[in-house]
Amino acid sequence: MGRHRLCFGLRLALEAVFLTLTLSGFAGFVSPHSAQLRGRRHMEVARHAGPDGDDKTVLILGGGIIGVSISYHLAQRGVKSTIVDRAGIASCASGKAGGFLARNWNAGTPTDELSQKSFDMHEETAKELSLSSYRRLKCQSVAVDGTGAKPAGAKLKNLELCDAMWSYSEQHGSNFVKGTVENLCYEDGDSERHIRGVVVDGQKMASDVVILSMGPWGEVLQQAVPACSMLGVKYHSVLMRSGRVLNEAVFFSGLGDPEVYPRNDGNHYVTGFPDPPQVVKEIPGEVEVREEMCSRLIKTMQQVSSEMAEAEVTTKQSCYLPFTRDSVPCMGKVPKHENVFVATGHGCWGILLSLASGKAMSELILDGEATSVSLEPFDPKRFG
Ligand SMILES: Cc1cc2nc3c(=O)[nH]c(=O)nc-3n(C[C@H](O)[C@H](O)[C@H](O)COP(=O)(O)OP(=O)(O)OC[C@H]3O[C@@H](n4cnc5c(N)ncnc54)[C@H](O)[C@@H]3O)c2cc1C
């Protein structure tokens, strides 16, 4: 099955890249610089009354689906947050992913419980937020050596989910700051390191709690957890519109392993042909779309499906899957820090895992412990 093999193949490739980086003394990468895409800019930090009656501020660095889900679940508990993002809410992988969800495809892996919990939450959340794009799908694998069926999955438009969660959070007092996070600011002289805030486009923003959720961009995270280096796997994707609403996701093998997810608006999301894992140097919001990769996806689809032969291409895009060095998400309290949390590295299942991840992170931040699902397998302690 494409996604299983994809993840296993990527894991081997990631291990090889991390080994090469370690041997070559890898120590970071180029900072992102300014650009304007989705989102507004104003530098206020949302405040809420803490249990002691003091004003508290929560800064979420990165407005992908993971940061937005944390903000949403905090808002459900009455806590406002400020999201800082260089390119806007859901402007990178979270707005450009396939939006395919499966309950049991991570069985036997560290994300099994998280996947099951999150899959169930998607159905509930789709109802709560009135998401029109959520629906159940059948799945099929098409291989040179035969055809096999997979248990059914589900599909939604990830952008619709992100926008709906963010609207809820904004309506409950959260706000957005558009800018590039450059540095973490520390209080001097603590044994347990305490972050006072961050530097955004050269200006300091103070904060009581900081959450690092910048997907594959790992430079700022490495200031807090030096051994947690991140990699990205670049994918291109196209939307092809045939007008017919189909009900089956198809995973090809032997043809560059393209994957096709039909949407309920007559568009079909097609992705495949990943670049090798790499330290991401492209700037968020300015990731290059290579025409030859899009043409490859389109031609392959035209070859394998009569449905796609006449389809109109409506979108060409690219983005990065975020990976840690062991391909397991990194989520929890940052070691040796008092008030810093991290949530990243969700690989090819970040849309699926977003809801249970955001809820568990909100519990950890507010109650000191995640109770809805265990975050133990993802503890950043493993990076020292
Ligand atoms: C082609 C493709 C298809 C996919 N399909 C699926 C699918 O079908 N199902 C599924 O479950 N998952 C899928 N995924 C995976 C999923 O999209 C990701 O795991 C998920 O979006 C990661 O979310 P994130 O919030 O961690 O990162 P991102 O979405 O990358 O968000 C990180 C954010 O941080 C911001 N940022 C980074 N550095 C800075 C900085 N210094 N200052 C300010 N802002 C910064 C960026 O602008 C960005 O908005 C797919 C991914 C790809 C690439």
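1. Two residues are taken to be in contact when their C-beta atoms, placed from the backbone, lie within 7 Å. Under this criterion, and leaving out residues up to four places away in sequence, Leu-61 touches Val-84, Val-181, Val-198, Val-210, Ile-211, Leu-212, Ser-213, Met-214 and Val-220. The model under discussion is a predicted one.

2. Leu-61 also belongs to the largest nonpolar core, which holds 100 residues. The members that touch the most others in this core are Leu-61, Val-210, Ile-211, Leu-212, Leu-221, Phe-341 and Val-342. Helix H9, residues 350-367, gives the most to this core, with nine residues. In soluble globular proteins, nonpolar side chains tend to be buried together.

3. As to the protein overall, its secondary structure comprises nine helices and 18 strands. Of its 384 residues, 49% count as buried. Among contacts with a separation of 6 or more, 72% join residues that are 24 or more positions apart.

4. Helix H9 also packs against helix H4, residues 112-128, at an angle of about 90 degrees, and the two axes are 7 Å apart. Angles of 65 to 115 degrees count as roughly perpendicular, and H4 and H9 are therefore roughly perpendicular to each other. On the H4 side, the contact is made by Leu-114, Ser-115, Lys-117, Ser-118, Phe-119, Met-121, His-122 and Thr-125. On the H9 side, the contact is made by Leu-352, Leu-353, Ser-354, Leu-355, Ala-356 and Ser-357. By class, the residues of this contact divide into seven nonpolar, six polar and one charged.

5. The ligand is surrounded by 42 residues, of which Gly-64, Gly-98, Gly-215, Pro-284 and Gly-350 come nearest. The shell consists of 22 nonpolar, 18 polar and two charged residues. Helix H2 (65-76), strand S3 (82-85), helix H3 (93-96), strand S12 (231-241), strand S16 (312-323) and H9 each supply at least two residues of this shell. Helix H9 is thus named in three settings: the nonpolar core, the contact with H4 and the shell around the ligand.

6. Ala-97 lies in the loop between H3 and strand S4 (100-101). Is Ala-97 buried or exposed? The cut-off for a buried residue is 20 or more other C-beta atoms within 10 Å; Ala-97 has 26 and is therefore buried. Apart from neighbours within four places in sequence, Ala-97 is in contact with Asn-158 and Ile-351. The C-alpha atoms of Ala-97 and Tyr-235 are separated by 9.5 Å, although these residues are 138 residues apart along the chain.

Notes
Residues are numbered from 1 along each chain as its sequence is written. This is a predicted model: local features need pLDDT of at least 70, side-chain atom pairs count only at pLDDT 80 or more; totals for chains, interfaces and linings use all residues. A nonpolar core is a set of buried Ala, Val, Leu, Ile, Met, Phe, Trp, Tyr and Cys residues joined through C-beta atoms within 7 Å. A residue is buried if 20 or more other C-beta atoms lie within 10 Å of its own, exposed if 12 or fewer, and partly exposed in between; C-beta atoms are placed from the backbone. Helices (H or I, at least four residues) and strands (E, at least two) are DSSP runs, numbered from the N terminus. A residue is near a molecule or strand if its C-beta atom, placed from the backbone, lies within 6 Å of it. Ala, Val, Leu, Ile, Met, Phe, Trp, Tyr, Cys and Pro count as nonpolar, Asp, Glu, Lys and Arg as charged, and the others, Gly among them, as polar. Axes are lines fitted to C-alpha atoms, for helices over the stretch in contact, and angles run from 0 to 180 degrees between N-to-C directions. Angles under 35 degrees count as roughly parallel, over 145 as roughly antiparallel, 65 to 115 as roughly perpendicular and the rest as oblique.
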